[in-house]
Amino acid sequence: MKILLMGGTGWLGHHIAKQLAKAGYEFTILTRGQKSQFKGVIDEFPTIIADKKDEASMREVFKTRYTHIIDTVPTVESITWVKKYAQGLEHYIHCSSTGGYAPLPFIPCNETAFYKGFARGTGWDKKRIYDEMVMEMYQKEGFPVTVIRPCYITGPGMLPLDNFGGRREDFIRDLVNEVPLDVPVDGQALLQPIHVYDLASSFVLALTHQRSIGQVYNICLDHALPLNQYLEVNAAVFGKKPVINYMSVEDMQKKHAGHIDEIGLRFVSTHMCFSIDKAVHDLDYRPHCTPEAAIEETALWAAEVTGVKF
């Protein structure tokens with residue numbers, strides 16, 4: 001097995017690299033060389049500097065035969081060049097998102113639900129395009145694809161989701177200082193996180209399970225929490241309780257116009273709750289922690305990196 005890891009210098013990608021190395025796999029990271037945050041971690045691994053959107057670059061890269069490719073941030077171009085130039089490819093795995101199911105037709109949602117892209121022109125809609133592209137290639141030509149769809153990703157290395165559906169730096173500070181938080185509707189929208197470690201492990205598991213080819217997997221921790229409870233778990237880490245001000249989505253959009261991402265706000269107002277039964281059955285996927293533990297770990301990390309005293 002000879003693996004090419006596209007996007008191995010990012011938050012998710014460097015975790016995948018670490019797990020591949022731990023498992024003893026031979027792999028090479030492909031990167032544009034523009035990210036430095038995790039450079040110290042990935043410096044020990046073989047790396048190619050190239051733009052995966054550029055046809056000439058990819059033609060050159062694939063003069064080396066790779067049997068397996070993991071793409072953490074797929075694009076139409078990268079998929080096209082993989083299909084055209086990656087000779088002898090046995091397995092291609094790319095990262096999508098559960099966001100494209102919203103609004104959910106049933107709870108817990110599973111992989112049989114229609115993947116609509118959430119809203120046209122959003123990042124989730126782009127993921128719909130990529131997913132449809134590779135699955136059509138599988139159905140018509142046997143392209144050996146697996147699609148991994150994570151819920152919102154948490155864990156050290158990225159700020160936690162906030163009450164607006166973003167990742168603002170002052171979120172933990174506001175909780176610690178008991179600043180009132182505007183929360184959409186009644187705070188009962190369900191959230192289901194995935195720890196970045198477990199998400200990375202799902203890619204490694206897919207490599208070793210041939211039954212994953214031609215399949216889509218929702219990857220999350222094992223249960224969802226209402227937004228209210230999510231805020232309570234974050235605050236409890238610091239011995240606090242969240243001060244909540246309920247508002248309609250429309251009123252929040254007016255009050256915070258220009259300061260919040262309206263798509264993110266709509267997203268955090270929508271149920272996100274999924275079954276992981278298919279991944280458990282097909283991939284032997286087992287999350288290493290609970291959602292509560294992942295939320296607490298991320299809150300503590302965010303407090304440290306943003307200088308919050310408690």
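**Entry 1: helix α1**

I started with helix α1, residues 11–22, in what is a predicted model. I checked its length: 12 residues at 1.5 Å a residue should span 16 Å, and the end C-alpha atoms sit 17 Å apart, which agrees.

Next I asked how many of the 12 residues of α1 are buried. Nine are, so I put the helix down as mostly covered, with under 20% relative accessible area as the cut-off for buried. The buried ones are Trp11, Leu12, Gly13, His14, His15, Ile16, Ala17, Gln19 and Leu20. After α1 comes Gly24, and I noted its positive phi, near 85 degrees.

**Entry 2: the open sheet**

I then looked up the order of the strands in the open sheet. There are seven, running β3-β2-β1-β4-β5-β6-β11, with parallel pairing. At the edges I found β3 (47–49) and β11 (215–219), each of which pairs on one side only. From one strand to the next the twist averages 20 degrees.

I zoomed in on one pair inside this sheet. Strand β4 (residues 68–71) runs parallel to strand β5 (residues 91–95), and four bridges join them. One residue I followed was Ile69, whose bridge partner in β5 is Tyr92.

Which helices pack on the sheet? Helix α4 (residues 76–85) does, touching β1 (2–6), β4 and β5. I get about 175 degrees between the direction of α4 and that of β5. Helix α5 (residues 123–141) packs on the sheet too, where it touches β5, β6 (145–150) and β11. Its direction makes about 155 degrees with that of β6.

**Entry 3: Thr75**

Just before α4 I stopped at Thr75, in the loop between β4 and α4. Is Thr75 buried or exposed? Its relative accessibility is 8%, so it counts as buried. Its side chain reaches the backbone nitrogen of Ser78 at 2.9 Å. Leaving aside residues up to four places away in sequence, I found Thr75 touching Lys53 and Tyr130.

**Entry 4: aromatic pairs**

I searched the whole structure for aromatic pairs and got nine. I looked at two of them in detail.

The rings of Tyr101 and Tyr115 have centres 5.1 Å apart and planes at 90 degrees, so I logged the pair as edge-to-face. Both residues lie in the loop between β5 and α5, so this pair ties together parts 14 residues apart in sequence. Tyr101 has a relative accessible area of 0% and is buried. Tyr115 is buried as well, at 8%.

My other pick was Trp124 with Phe267. Their ring centres are 4.5 Å apart and the planes make 15 degrees, so the pair is stacked. Trp124 belongs to helix α5 and Phe267 to helix α10 (residues 262–268), so the parts tied together here are 143 residues apart in sequence. I checked burial for both: Trp124 counts as buried at 17% relative accessibility, and Phe267 is buried at 12%.

Which residues form a cluster with Tyr101? I found Tyr115 and Phe274 there, the three making up one aromatic cluster.

**Entry 5: Thr298**

I moved on to Thr298, in helix α12 (residues 291–306). Its relative accessible area is 1%, so I wrote it down as buried. What does Thr298 touch? Not counting residues up to four places away in sequence, its contacts are Thr154, Gly155, Pro156, Met158 and Pro160. I also took the distance back to Phe267: the two are 31 residues apart along the chain, and their C-alpha atoms are separated by 20 Å.

**Entry 6: β8 and α7**

Last I turned to strand β8 (residues 181–184). I wanted to know whether its faces are covered or not, and both are. Leu181 and Val183 are buried on one side, Asp182 and Pro184 on the other. β8 runs parallel to strand β13 (residues 244–247), and four bridges join the two. Opposite Val183 I found Tyr246 in β13.

Helix α7 (residues 196–208) got the check I had used on α1. Its 13 residues reach 19 Å from first C-alpha to last, close to the 18 Å expected at 1.5 Å a residue. α7 is mostly covered, with 10 of its 13 residues buried. Among them are Val196, Asp198, Leu199, Phe203 and Leu207.

Technical notes: Residues numbered from 1 in each chain as written. Predicted model: local features only at pLDDT ≥ 70, side-chain atom pairs only at ≥ 80, totals over all residues. Heavy atoms only, no water. Buried < 20%, exposed > 50% of the residue type's maximum accessible area, 1.4 Å probe, protein only. Pairing = 2+ DSSP bridges. Expected span 1.5 Å × (residues − 1). Axes fitted to C-alpha atoms, helices over the stretch in contact; angles between N-to-C directions. Contact = heavy atoms within 4.5 Å. Polar contact = N/O pair within 3.5 Å; in protein donor to acceptor, adjacent residues only side chain to side chain. Phe/Tyr/Trp six-rings, centres within 6.5 Å; stacked < 30°, edge-to-face > 60°.
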